Structures are given as structure tokens and as C-alpha cells.
Amino acid sequence: MDNSLNDQRPPVPAWDEGTDGGSPRFILRLYVTGMTPRSLRAIAQMTSICSEYLPDRHDLEIIDIYQHPSLASQDQIIASPTLLKTSPPPEIRLIGELSNRQRVLSSLGIAGSE
Amino acid sequence: MDDALLQAQIDELRRRLLEAENTIEAIRGGEVDAFVVTEGGTQRIYTLQGADRPYRLLVEQMQQGAVTLTDRGDIAYCNRRFSELLDFPHHRLIGTPLADFVILEQPHSFPALLEAGRTSSAQTEAELVASDGTHIPVILTFNALDPESGVAIGVLITDLTSQHSHERLRETTEQLRINEERYRTLFQSIDEGFCVLEMIYDDQGRCCDYRFLEVNPAFEKQSGLSNALGRTIREMVPDIEETWLQIYGEVAESGIPKRFVNEAEKLSRWFNVYAFRLGGTHSRRVAILFTDITQQRAAEIQLKFARSRLESTLHAAEIGTWEFDLISQSVSADANLARIFGFSPNDTDERPLSAYLAMIHPNDRGTVSDAISAAMDSGDRLEVSYRISVGGRPDRHVVARGRVDRDDTGRAVRMPGVVIDVTAQRLAEESLRESERNLRCIAESLEEADRRKDQFLATLAHELRNPLAPIKSAAQMMQAVDEDPEQLRELSALVNRQADQMVRLIDDLLDVSRISRGKIKLRTATVDLWDVVAVALESAAPFIDDSKQQLHVQNAKEALFVTGDAARLTQVIVNLLNNAAKYTPAAGEIWFRVERVENEAWITVRDNGIGLEKSSLNKIFEMFEQVDVSKERGQSGLGIGLSLAKTLVDLHGGTIVAESPGVNQGCRFIVKLPLLVGYTPPEEIDSGQPVTTNGESPKYRILVVDDARGIRYVLSRMLVKMGHSVVEAIDGEDGYRKAIEYLPDIVFSDISMPNMNGHELAQKIRQTETLQNIRLVALTGFGQDADRQNAIESGFDEHIVKPVDIKVVERLLHSNP
């Protein structure tokens with residue numbers, strides 16, 4: 001199960017090879033717990049942020065910890081929902097339902113967030 | 001550098017701290033709802049209360065049954081659907097072993113399923129037992145859950161009932177759709193008209209109209225109604241016959257289908273209709289399947305007419321038709337055949353062949369059976385004529401003709417054919433044959449009469465010529481006679497006698513003519529038979545003398561009187577005497593007798609002449625009949641004397657019979673006349689005497705042979721006067737005898753003579769040594785080339801025709817070397 005998911009992950013382009021020059025590609029994983037209300041809210045927040053601030057330069061994976069408990073363990077997830085930014089560095093973890101949009105933006109270091 | 005590294009480590013720690021702070025903050029703030037905890041190498045996820053609510057709802061409301069089992073297999077939880085499926089309240093199920101509700105098919109066992117479910121998963125079809133005992137087909141899916149939480153196994157129950165019924169419904173619907181399409185196609189494509197009617201009723205509930213709810217494409221062609229869909233019959237045909245409404249109304253009401261043939265006069269059509277109700281009792285719909293049979297009906301009527309015409313024709317022609325089934329040996333027939341065979345015309349049932357054979361004439365049955373067998377065995381056609389004999393009816397003549405039909409193996413199976421009544425033709429043919437026979441008889445008798453008449457005419461010529469010859473000769477001689485009174489007297493007496501003979505002949509002829517015209521009349525008076533006999537004997541005497549016959553007369557002692565015509569009675573007796581003289585050889589004897597036998601006078605003329613055959617006795621009195629006209633007999637006569645005699649005797653109320661013991665044994669004629677009583681008998685008279693004549697010869701010695709005395713006499717005198725020496729002979733025999741005795745130089749001979757005719761005489765003379773040099777001269781009265789030729793062939797040197805001309809004789813004698 002885990003392997004097949006890994007396989008399905010699109011290849012991540014090298015940071016410096018980004019298509020639009022100085023704009024880095026965001027690789028994001030959002031761990032949720034099925035369809036709990038917080039999970040659903042976190043998913044909604046992230047899909048909204050991605051489409052608004054990171055159009056065409058993000059890979060957002062939404063992972064159900066029920067379905068992929070081992071993946072959660074690899075990424076040292078302890079609670080859900082958790083957003084994990086692996087690229088661009090540094091690695092950032094945001095725990096909770098990401099209700100504070102500004103905080104999410106600033107935590108992720110997304111340009112124009114000021 | 002160390003500072004920088006340290007600084008980086010510090011930053012990292014800060015970030016981590018911040019992360020931890022954030023995490024704690026988030027947890028505290030209730031922003032997380034699950035934790036991932038690693039226990040002994042495996043991850044467990046703990047959710048906060050309420051986080052699994054949607055799952056609960058999902059499970060509760062799904063259309064599959066869901067059950068969780070404890071490790072032992074007891075129900076820990078079940079959803080509402082499962083409880084509904086089994087129709088048990090929820091609380092009755094919890095804690096109960098699931099096995100209580102499951103029936104498994106062999107070889108599955110529940111413990112095995114549980115075991116599989118504990119470790120991984122298992123699936124099987126099974127049946128659940130509901131609270132009311134019904135069995136519900138299901139699929140059970142076992143899955144391992146979380147044994148440590150006490151919920152070891154999850155079971156999903158999928159109800160196949162609905163799936164089954166749904167499939168069935170779908171299948172049924174599909175089948176219906178196919179059927180519907182099939183029938184629709186059928187109704188669309190069939191040539192018959194089809195329609196669905198909705199009956200329309202008036203206020204009283206009477207059917208008053210109907211609407212076309214559905215029609216097929218053939219409807220218009222079959223009905224003649226276009227665009228009928230949705231319209232009513234009254235709209236299209238306002239005055240449609242009530243019968244149509246009645247019939248359809250009845251079908252709608254009763255639900256009993258009807259098949260019928262009916263005319264729609266307004267549509268000018270005849271229909272063959274099948275009507276049936278669609279739907280239940282209160283359905284007002286009637287479906288109609290129909291065909292326009294107008295033309296078919298017309299053809300049928302025409303056919304019926306033609307058949308009836310054919311039947312009438314066959315009847316008129318008296319032809320019956322039949323078909324013989326050779327397998328069952330039975331015959332089926334039409335009315336005509338039944339009629340011909342004497343069965344009732346209405347009874348045309350099949351009958352065994354024997355029933356027909358029984359009607360056939362017993363003599364024809366075999367022929368018919370044989371003909372049938374022969375046709376069956378080898379022939380292909382039967383033709384046989386036979387008679388039908390039905391009691392109390394005249395036989396019918398019929399001709400049967402048939403043809404044999406064979407199957408593939410050549411076995412005769414049936415034979416159709418006709419019987420033609422040919423009775424009328426057969427009767428016509430018979431009557432034709434009958435009349436043909438009659439006509440042939442008439443023709444034969446006419447031919448015979450014609451032949452006799454020819455004979456008669458030839459004889460007549462001869463007979464008339466016979467007296468003429470001596471008369472002519474006498475006349476010639478009278479010119480040369482030197483006033484010799486004796487000779488003159490002799491000659492005139494001769495002429496007189498010959499003339500009398502002619503007169504008698506001519507009188508006879510006239511009488512015959514009168515008789516045949518029914519004009520002869522008797523001048524009756526009381527007649528003394530003596531007188532009659534005297535005159536008759538006188539008249540016949542010369543003739544008898546000529547023939548050198550002896551006549552013996554025996555008269556009755558008493559006088560015999562009759563009522564009659566004396567002249568006619570004389571004629572009768574003379575004819576009988578002449579007849580006797582004619583058929584009796586020279587020097588023969590004739591007996592004449594008159595006597596009384598009771599109240600009759602019998603006049604009998606008997607001779608010892610040539611006699612008669614028994615068969616000739618009847619014919620002898622017929623007109624022109626001569627017993628024998630052969631050359632040997634050569635007897636002259638018209639053949640009318642006896643016929644005349646009979647007629648005259650009949651006119652006198654008497655009878656005449658001819659009797660003869662046989663040929664050459666003589667003959668007897670008896671005339672029987674009714675007597676008158678009270679007269680005195682007359683006296684007897686004498687008979688004449690036979691006469692013989694002789695001659696002399698100066699130059700030639702001549703023999704004259706002729707049975708006719710006159711001719712003989714005249715020729716002899718002629719020759720004597722010429723200075724020849726002459727001897728006479730009365731027939732061939734006499735001639736031959738005298739020729740041997742006298743040895744003449746020349747012989748004149750008649751051809752037609754009794755005893756021995758001229759031809760025989762000539763042959764005999766030629767065969768006689770001593771008579772070799774005699775000159776033979778034939779005398780014949782017929783003067784025909786054939787006679788001349790016959791004479792030369794017989795041995796005659798010359799031939800002269802009677803009456804003999806003196807000049808011809810002189811020339812002939814002078815020419816003699």
C-alpha cells in the first residue's frame with residue numbers, strides 16, 4: 001500500500017530547476033484523519049491556499065493516517081491534522097486545523113504574505 | 001565557525017521548540033482530533049471523541065448489513081439494516097452468536113469462516129434465517145478488525161434478495177420488452193389488419209360507437225379506412241351497420257372471443273374477423289384481427305357457381321365422377337354417379353368397391369374386376385364398358401374410364417375417373433343395327449326380286465321368241481308353197497298354235513300385272529267343272545303333244561259344280577297342266593283327276609317329272625319362281641303360271657297344294673274348291689295322243705335336235721324343201737342316239753334342252769369315233785356372244801340365232817365344203 005503510494009507520487013523537480021526562475025516549488029503533505037471536521041477544514045484551507053498562492057508550483061498530498069499509518073510514522077506525525085512542508089527548506093510542520101490563514105502563510109514562508 | 005554552527009543548532013532547537021509549542025497549542029486549542037502513537041513497533045491512531053461520528057452514521061445508514069463480532073463470534077455491534085433484514089430488535093441481536101442466524105452451504109463451516117476472518121478475510125454466500133423463518137440469500141464478508149479492542153471481526157452482509165429480484169425484474173422487463181417488440185413487429189408486418197377498439201356507450205349503456213386506439217399498417221389496406229387512429233367508426237362511416245356494434249359490444253361485455261364473417265355494405269367489403277377483449281371485465285377495449293375477403297368471397301362464389309355448373313353439365317351429360325382408393329378399397333362418388341348406380345343422389349358417402357360391383361350386371365362383373373386388376377397391376381388407364389342392373393329398372397349401359405395414380409414406389413394408390421351413361425347411344429346403336437338388318441333384308445329381297453325379274457325378262461324374251469320363230473318360218477315358207485293346200489293348212493295351223501301360245505303368255509302377263517295392282521275381278525257364276533276341264537284339256541293338249549307325254553285323265557263320276565269364273569278356273573288347270581308338261585321329260589306321263597272329297601272338288605295334276613325338293617314346295621307359288629333354271633333342265637316358262645294359279649284359286653276361296661316325294665320322283669298339285677251341291681255331273685272326255693314326226697334327205701343327211709316342236713318342225717320342213725334328208729330329235733339324248741343310227745352329215749342342235757343339252761351333245765358327238773366328220777351347228781335363242789363362245793368351246797362348228805332365217809341356213813349349207 002505504501003509503496004504504491006510512493007510510486008504514484010509525481011517526480012519532484014529540482015528546486016533550482018523551477019519553471020519560473022526564482023519561485024520555488026512547494027512540496028506539501030497534509031496528514032488528516034478520515035473525514036473528521038478538522039481534517040475537512042484543514043483540507044479546505046490548504047487547497048484554498050495552494051490554488052491562491054501557489055498555482056502551478058505545488059504538490060499537495062493529502063494522506064489519511066487511518067489508511068497510511070506507517071507513512072505517518074515515517075514522517076514522525078504525532079497528531080492530525082499536520083501539514084508537512086519538505087521543500088523548499090527548511091522543513092516545516094504545522095499542527096492543527098490551519099484555521100489561521102496568515103499564520104499558515106507566514107509559517108510556510110509564502111511570498112506576498114506580508 | 002563554531003559560533004556559526006552553534007548558532008545554527010540554536011536556531012534548529014528554537015524552531016523545534018516552536019513546533020512543539022505550536023503542537024501543544026494546537027492540541028490544547030482542540031485543533032487536532034487524532035494522535036498517532038507507536039506502540040511496540042506498530043502505529044495506533046487515537047481519535048478524539050466525535051471524530052468517528054460520520055463513520056458511525058455511514059455504517060448505520062448503509063444498505064448493507066454490518067456486524068462486528070467478538071473473538072468468540074458473538075455479535076458486538078450490528079447496524080440498523082442487519083436488524084431490519086432479520087426483523088429482530090437491535091437489543092435481541094447484540095451478544096448473540098452470529099452463527100445462530102446463518103445457514104451455510106456445505107462444505108463451509110462457520111468456525112472456519114471465523115478463523116479466516118480473525119486473521120485476514122473471507123467471503124461466502126449463505127442464507128440468514130429471519131424472525132418469521134424466511135431464508136434470505138446473502139453474501140457474508142468477514143474481515144479482521146482489532147482483536148485487542150475486543151472487536152475481532154467485522155462482517156458485511158449483502159442482501160441478495162433485492163439484487164435477485166432486481167435482476168429478475170430487469171430480466172423480466174427485458175423479456176417483456178423483447179416480447180412486446182416481437183409482437184409489435186408481428187402486428188406491424190402481418191398482412192392481416194389489426195386494431196384495438198375502445199367501445200363507446202350511450203346514456204343507456206348501449207354500445208353506440210367505437211374508437212380506434214391502435215391500428216397496424218395493414219389496417220388501411222384491409223379495411224379501406226385511412227387515418228382511423230384516434231377516430232371513431234361513426235365519424236368515418238356514420239351509417240355503419242348496427243351488427244358490427246352489436247358483435248363488438250358483446251365481445252367487450254362477455255369476454256368471449258368471436259370469429260365471424262360479415263359484410264360491411266358501406267365499405268363494400270366482406271371481412272373475416274376475430275375479435276377478443278383486451279383486459280378484464282370492465283375493459284372496454286376489443287382487439288380485432290381481420291382480413292378483407294371480398295375478392296376471396298367473390299372467387300368462392302364464382303367457384304361454387306362453376307362447380308354447380310360443372311355438376312349440372314355432368315348431370316346433363318350423364319357423367320358421374322368417382323375416386324377409388326385402392327388402399328382402402330373404397331369408392332367416393334358424386335351425386336351423378338350415385339344416380340347412375342341407383343343410389344340416392346344425396347347419399348354420396350364412401351362405399352366399398354363391392355357395393356358398386358353388386359350393382360353391375362352379373363355377366364359383366366368379372367370383366368370389370370379384371371379390368372380394374374389389370375389397370376392396378378400394370379396399366380395406367382382403365383376403360384371398361386358394362387351394364388348396371390338395378391332391380392326394377394332397365395339395364396343401363398355405361399363406360400367407365402379411370403387413371404391409376406401411383407406413389408413413389410410405383411404402388412397404385414388411387415384411381416380417379418368417370419362413368420359415362422351410354423344407354424341412349426347403345427339403344428340408338430342397337431335400333432340402328434336393327435333397322436340396318438331390316439334394310440339389308442329388304443335390299444336382299446329387292447335384289448332377289450330384281451334378279452328374278454331379270455331372269456323373268458330373259459325368259460320372257462325367250463318365250464316370246466319361241467312362238468315367233470316357227471311363225472316367221474311358216475310365213476317364209478308360205479311364200480314358197482306351191483299352192484299345196486295340205487301344206488298351207490298345216491302351216492296355218494302351226495301359226496295359229498304358236499299365236500295361241502303367245503296370247504296365253506301375254507294374257508298371263510296382263511293378269512300378273514292386274515293381280516299385282518289388285519285389279520283382277522272374277523265374273524262368278526255357277527260353273528260345271530266338266531266344262532272347265534274340257535276346255536282346259538283342249539287348250540293344253542297341243543303342248544302336251546309337243547312334249548310327247550301321255551296324259552291320263554280320270555274324271556269324277558258325278559257332276560261337280562262350283563261358284564266361280566269358268567275362264568279363270570280353266571286358266572288354273574291349263575297352267576297346272578302346262579307346268580306338269582314342262583317339268584316332265586318327253587315321253588313322261590301326266591295324270592289328271594277330278595273328284596269329290598267331302599264338300600270339296602279336288603283337281604289333281606300328277607306327273608313323274610323332275611319333282612321338287614321339300615324346301616322348294618313353299619316357294620313354288622311365288623311370282624317369277626322357277627324351281628331350277630340350270631342349263632341341264634333348260635325348261636322354258638315365265639315362272640308366273642303357278643303363282644297365277646294360286647292367286648286365282650285363292651280368289652275362289654279354294655286352296656292349292658304342291659307335293660313331291662323328292663327330286664326326280666314326280667310332283668302333285670291339288671286344287672281344292674268348295675263345292676256347290678245339286679248339279680248333274682258332265683260326261684268324260686279323252687286325252688290327246690303323243691305324236692312323232694320324221695323327215696327325208698336329198699343332198700345332206702341332216703339331224704335337227706330341238707325340244708321346241710315348232711322350231712324343229714319349221715327347220716325340218718325348210719331343209720326337206722331344200723332337198724335334204726332330215727331326221728328330228730326331241731332332246732340331246734334322243735339326238736345322240738339318232739346320230740349314231742342315222743350318221744348325219746350335219747346336226748342342227750338347240751342348246752337349252754332337257755335330258756342332255758346342246759353342249760353335252762356336241763361334246764359326246766366329238767368324242768364318238770364314227771361321228772368325227774359331222775358338222776355341228778348350234779341354234780340358240782339368246783344370241784349372245786357368251787353363248788356363241790360356249791358353243792364353239794363345246795365342239796360346235798357354227799352358231800345361228802333363232803328364229804332361223806332360211807337364207808342364213810342356205811348360205812351356211814352352201815358354204816359347206
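**Exercise 1. Burial and make-up of chain B**

Task: What share of the residues of chain B counts as buried in this predicted model?

Solution.
Step 1. Take the chain length: chain B has 817 residues.
Step 2. Apply the cut-off: a residue is buried under 20% relative accessible area.
Step 3. Read the share: 41% of the residues of chain B count as buried.
Step 4. Add the secondary structure. Chain B holds 24 helices and 33 strands.
Step 5. Add the contacts. Take those between residues at least 6 apart in sequence; 57% of them join residues at least 24 apart.

**Exercise 2. The largest nonpolar core**

Task: Which residues have the most contacts inside the largest nonpolar core, and how many residues does this core have?

Solution.
Step 1. Recall the general trend. In soluble globular proteins, nonpolar side chains tend to be buried together.
Step 2. Size the core: it has 46 residues.
Step 3. Find its best-connected members. They are B:Leu577 and B:Phe592.
Step 4. Trace the suppliers. Elements of chain B that each give at least two residues include helix 14 (423-480), helix 16 (529-546), strand 24 (589-597) and strand 25 (600-607). Helix 17 of chain B gives the largest share, eight residues.
Step 5. Look around B:Leu577. Leave aside neighbours within four places in sequence. Its contacts are then B:Ala536, B:Leu537, B:Ala540, B:Leu551, B:Ile590, B:Phe592 and B:Val605.
Step 6. Note a second, separate core. It has 29 residues, among them B:Ile340, B:Phe341, B:Leu353 and B:Ile360.

**Exercise 3. Two helices that meet**

Task: Are helix 21 and helix 22 of chain B roughly parallel or roughly antiparallel?

Solution.
Step 1. Choose the descriptors. Two packed helices are described by the angle between their axes and the distance between the axes.
Step 2. Get the values. The axes of helix 21 (residues 732-742) and helix 22 (residues 758-767) of chain B come within 9 Å and cross at roughly 25°.
Step 3. Compare with the cut-off. Angles under 35 degrees count as roughly parallel, so helix 21 of chain B is roughly parallel to helix 22 of chain B.
Step 4. Give the handedness: helix 21 of chain B passes helix 22 of chain B in a right-handed crossing.
Step 5. List the contact. B:Gly732, B:Gly735 and B:Tyr736 of helix 21 meet B:Leu761, B:Lys764 and B:Ile765 of helix 22. By class, three residues are nonpolar, two polar and one charged.

**Exercise 4. One residue of chain A**

Task: Why is A:Leu40 classed as partly exposed?

Solution.
Step 1. Locate A:Leu40: helix 2 (residues 37-53) of chain A.
Step 2. Read its relative accessible area, 46%.
Step 3. Compare. Exposed needs over 50% and buried under 20%, so A:Leu40 is partly exposed.
Step 4. Check a distant partner in sequence. A:Glu97 lies 57 residues from A:Leu40 along the chain, and their C-alpha atoms are 8.5 Å apart.

Conventions
Residues numbered from 1 in each chain as written. Chains lettered and ligands numbered in written order. Predicted model: local features only at pLDDT ≥ 70, side-chain atom pairs only at ≥ 80, totals over all residues. Heavy atoms only, no water. Helix = DSSP H or I, 4+ residues; strand = E, 2+ residues; numbered from the N terminus. Buried < 20%, exposed > 50% of the residue type's maximum accessible area, 1.4 Å probe, protein only. Axes fitted to C-alpha atoms, helices over the stretch in contact; angles between N-to-C directions. Parallel < 35°, antiparallel > 145°, perpendicular 65-115°, else oblique. Left-handed = near helix turned anticlockwise from the far one by under 90°. Contact = heavy atoms within 4.5 Å. Nonpolar A, V, L, I, M, F, W, Y, C, P; charged D, E, K, R; others polar. Core = buried A, V, L, I, M, F, W, Y, C linked by side-chain atoms within 4.5 Å.
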